[in-house]
Amino acid sequence: MRLVPVHLLQPGMVLGKKIYNADGLILLSDGVKLTSSLINRLTDLKLGYVYIEDAVTEDIVIPQLISEESRLSAVRSIQASFKNLENQSSLKGSFLHLGKTFSGVVDSVLDEVSSMEVSMVLLTDINASDYNLYQHSLNVCLYTMVLGLSYGYSRNQLYMLSLGALLHDIGKTRVPASIVQKPGRLTDAEFAEMRKHTEIGYDILKNEPNIPLLSAHCAFQHHERLDGSGYPRGIQGQDIHEFAKWIAITDSYDAMTTQRVYQPAKLPHEAVELMYTGSGTLYEQSFLAIFRDRVAIYPPGITVMLSTGESGVVSRIHARIPHRPVVRVLNNPKGEPLRTPYEMDLSQCLSVMICGIGEAVYA
């Protein structure tokens, strides 16, 4: 299958990958033949790209960090616990269920991710329908877990880091829904209210016997920045715990690559490029380098233009060097379809560069 910009979809094309809503329910199933009305529906969702079945790329498999079943189960657990917090009138008392619920989620996901070769690559879900707190929490957990594995943390460290990543935004359950779910940019007053979620999250987690204090600090510090420009305390450099530095990167990345009502999702390579403008000032430089070397900036199925003038589709990602994928070359430099497409491994063909992507190629 291949990624196609939504505005270039045509009736008769067949959807190659399911599209889910905010609650993890299927909006459109794979195998559905697109009609004009369905294309209009996808346009209304403001999706940038969707996966489409395609004869010359039918054997290209889009890998996942975890199975659809595991993702759906985790999202439902997060949603149920977060909604319970949203509905409580105060934060007095204990939340013993949080440790039990989320330790189970983290252990299950960590076992699955650790067993997969693809776990060493961050694969962005390009065709997610829209941002929501539950999917975002799981994504940040998954991305942070992969980076922690790459960094060489012990199982116990990975557990605390991943749990902190999963719960980093739990304080948003106590921020007015009108602000959290606002379909537009926040006013200064609303943003000041939103900023409180870091302290609220810490207050929820810090005294829970089943939540490690380091995990609580992830909620407290994930918006702090190296140069002191972050919040809630404006601390700098070494005063920020390294777990929070990892989550600062993955939280920002997921926010950039997820569709918002007021902001279209960036492609992975665009988000990484933008994040690098904050290297050493906003984000830990050495951590950002590890992140760059693990994120699939050219996801499988995306159309690319090569420096040779040829174009094709990314067919496979190398776990250790995801920025140099295998490309199935489909068109010659004149844009004419090749009678016999062939695979070009950019990890071996070092003189060939990807110089265009997505819409630039289709245009």
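Biologist: How buried or exposed is Cys349?
Modeller: Cys349 is partly exposed, at 29% relative accessible area. Buried means under 20%, exposed over 50% and partly exposed in between, with a 1.4 Å probe and protein chains only. This is a predicted model, where local features need pLDDT of at least 70 and side-chain atom pairs count only at pLDDT 80 or more, while totals for chains, interfaces and linings use all residues. Residues are numbered from 1 along each chain as its sequence is written, and side-chain values use heavy atoms, leaving out hydrogens and water.

Biologist: How many disulfides are there?
Modeller: Zero in the whole structure, taking a disulfide as two cysteine sulfur atoms within 2.5 Å. For Cys349, the nearest cysteine sulfur belongs to Cys355, 15 Å away.

Biologist: Why is Cys355 not bonded to Cys349?
Modeller: Because their sulfurs are 15 Å apart, too far for a bond. Cys355 is exposed, at 54%.

Biologist: What does Leu306 touch?
Modeller: Beyond its neighbours within four places in sequence, Leu306 contacts residues including Val327, Met344, Ile354 and Cys355. Contact is heavy atoms within 4.5 Å.

Biologist: And the largest nonpolar core, how many residues?
Modeller: 89, with Leu205, Phe291 and Leu306 making the most contacts inside it. A core joins buried Ala, Val, Leu, Ile, Met, Phe, Trp, Tyr and Cys through side-chain atoms within 4.5 Å. Helix 4 (residues 133-151) gives the most, ten residues. Helices are DSSP runs of H or I, at least four residues, numbered from the N terminus.

Biologist: Why call helix 8 largely enclosed?
Modeller: Because seven of its nine residues (197-205) are buried, among them His197, Tyr202 and Leu205.

How values were computed. Helix = DSSP H or I, 4+ residues; strand = E, 2+ residues; numbered from the N terminus.
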